[in-house]
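Welcome, and please take a moment to look over the model below. We will start with the ligand and its surroundings, then move on to a pair of strands.

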Amino acid sequence: MDIGSPQERGQWGSKLGFIMAAAGSAVGLGNLWKFPFLAGQNGGGAFVLVYFLILFVVGFTLMMAEITVGRYTQLNAIGAYRKIKASWAWVGSLGVIAGFLILSFYSVIGGWIIAYIVKAASGAFNTADTKMLGDMFTTFIQSAGAPLFYHGIFMLLTLGIVIGGIQNGIEKYSKILMPALLIMIVLVMIRSITLDGAMEGVKFFLNPDFSKITGGVILSALGQVFFSLSLGMGCMITYGSYLSKDTNIPECAFYIPLIDTGVALLAGLAILPAVFAFNFPPDAGPGLLFITLPAVFSKMPMGSLMGVLFFTLALFAAITSSISLLEVCVSYVVDEWNWTRKKATLIIAGLIFAAGVPCSLSQGPWSHIKLIKGKGILDSVDFVASNILLPLGGILLCVFIGWVWGLRRIQRISKTDEGKTIITWELEYTDALKEVTNDGKINFALAPIWVFLIKWLAPVAIGIVFIQGIF
Ligand code: PHE
């Protein structure tokens, strides 16, 4: 499937094909790397609880919204906004900037994953000294050259696939490798929760301590819902634009977040119990996955092999996400500036690589540089993109669909035989609603709730979290 070239627009082979591809974009480092470390930093169960609340109010709502806009317009994010209302095209551009920023640090972490495939293969996890495994990460990250080298390799892999066109295999491999990843995570999780002392970690992860819920925790959870579901930057608009007209949108918009959240929870249960069992600090931040999992593998039969397999599958999951990030930027330049696909991909990937260099260095040689709220460069870029740009894109999308494109309720006044007036409310059958229900062929009973969420609850909730989390 080639996502984004207007000349040869294809379509997903089947509903399953679309769900797998969209889940491929959603499931990635956000689930395996970011969710566990954010949970560790933000009070464990408290974070998970808030994440779930936001997922229900905002996640499902916006997933449907983006897919609907995409399928209706059959265009990339900017074209989609422009087609419905030209003066809104700039909102699509905001998404392109978010995609650029996210990929710049995503690729750095993707590079760490590649480095850990190599380390696992060379037998580096074969030791009983778990403390040493923690130090291995610190040493790696503090060197300037190796992380940059792997960051470059990750970008090259992403770029190669986007130039070649995504139809050559990704859909096919996804069907095998995604389930394989799931099996691996379950195995690692079982080992992790059966370690001595692991139950502390399970409790930490699942038992919410309400006193830990602060404005900052809620904002992180909000940003993570957007990041993990690939929402707020037009990615799902682009994917939705390749969806055939008879697919059931509400159904797809239900399964994708479900799969994504399932993987995140499993990853949390694979990592946090082990953190407690090995006495690692749960708030270690971006390094958490990399200090913890090697220690788990060292306690598994065939640990090196398991390590290689796990990190290879994680790399695959990361790449099915990074191509969707790069594709949003590339399709913008191809459509708007009329560049060739090859030129656009090469130049943008080069720029993103360059933007990733300071992110990478900020983990070692440049760790003294603090940009926002005492955060280093990588964390600051992540904060701006995930916690500001994506939620902002989300609010704008809600306003756009609910109020500009239009979702309305109309009042009907009728009289009974006795002359009593009865007022009822009905949803107006606008283009947006026609699209969601496939012209009335699907019985979407939750439509009134969805409309209320899009027009009122979701934008207001995002707005409140946003304002109180930032100030
Ligand atoms: N959802 C992806 C992940 O969890 C990251 C991503 C964000 C991809 C935004 C596309 C758009 O790894």
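Which residues around the ligand come nearest? Of the 14 residues around the ligand, the nearest are Ala 26, Gly 30, Tyr 106, Phe 227 and Ser 230. Please keep in mind that this is a predicted model.

## The ligand and its shell

Several helices share the work of surrounding the ligand: H1 (15-26), H2 (29-41), H10 (215-228) and H14 (303-337) each give at least two residues to the shell. By character, the shell residues split into eight polar and six nonpolar, with no charged ones.

Polar atoms of the protein backbone also approach the ligand, as this table shows:

| Residue (backbone atom) | Ligand atom | Distance |
|---|---|---|
| Ser 25 (N or O) | nitrogen | 3.3 Å |
| Ala 26 (N or O) | oxygen | 2.9 Å |
| Ser 228 (polar atom) | nitrogen | 3.1 Å |

Alongside these contacts, the protein covers 100% of the 320 Å² of accessible area that the ligand has on its own. How does the space taken by the ligand rank among the cavities? That space is the largest cavity.

## The strand pair

Now for the strands. S1 (residues 409-415) and S2 (residues 421-427) run antiparallel to one another and pair over seven bridges. Within this pairing, Ile 413 has Ile 423 in S2 as its bridge partner, while Lys 415 stands opposite Thr 421 in S2. Together S1 and S2 make a hairpin, with five residues between the two strands. In the turn sits Gly 419, whose phi is positive, at about 90 degrees.

Conventions. Residues numbered from 1 in each chain as written. Predicted model: local features only at pLDDT ≥ 70, side-chain atom pairs only at ≥ 80, totals over all residues. Heavy atoms only, no water. Near = heavy atom within 4 Å. Polar contact = N/O pair within 3.5 Å; in protein donor to acceptor, adjacent residues only side chain to side chain. Areas by Shrake-Rupley, 256 points an atom, 1.4 Å probe, with all protein chains shown as cover. 1 Å grid on protein atoms, 1.4 Å probe; cavity = no way out; pocket = protein on both sides within 12 Å on 5 of 7 lines; lining within 4 Å. Sits in = over half its atoms within 2 Å of the grid points. Helix = DSSP H or I, 4+ residues; strand = E, 2+ residues; numbered from the N terminus. Nonpolar A, V, L, I, M, F, W, Y, C, P; charged D, E, K, R; others polar. Pairing = 2+ DSSP bridges.
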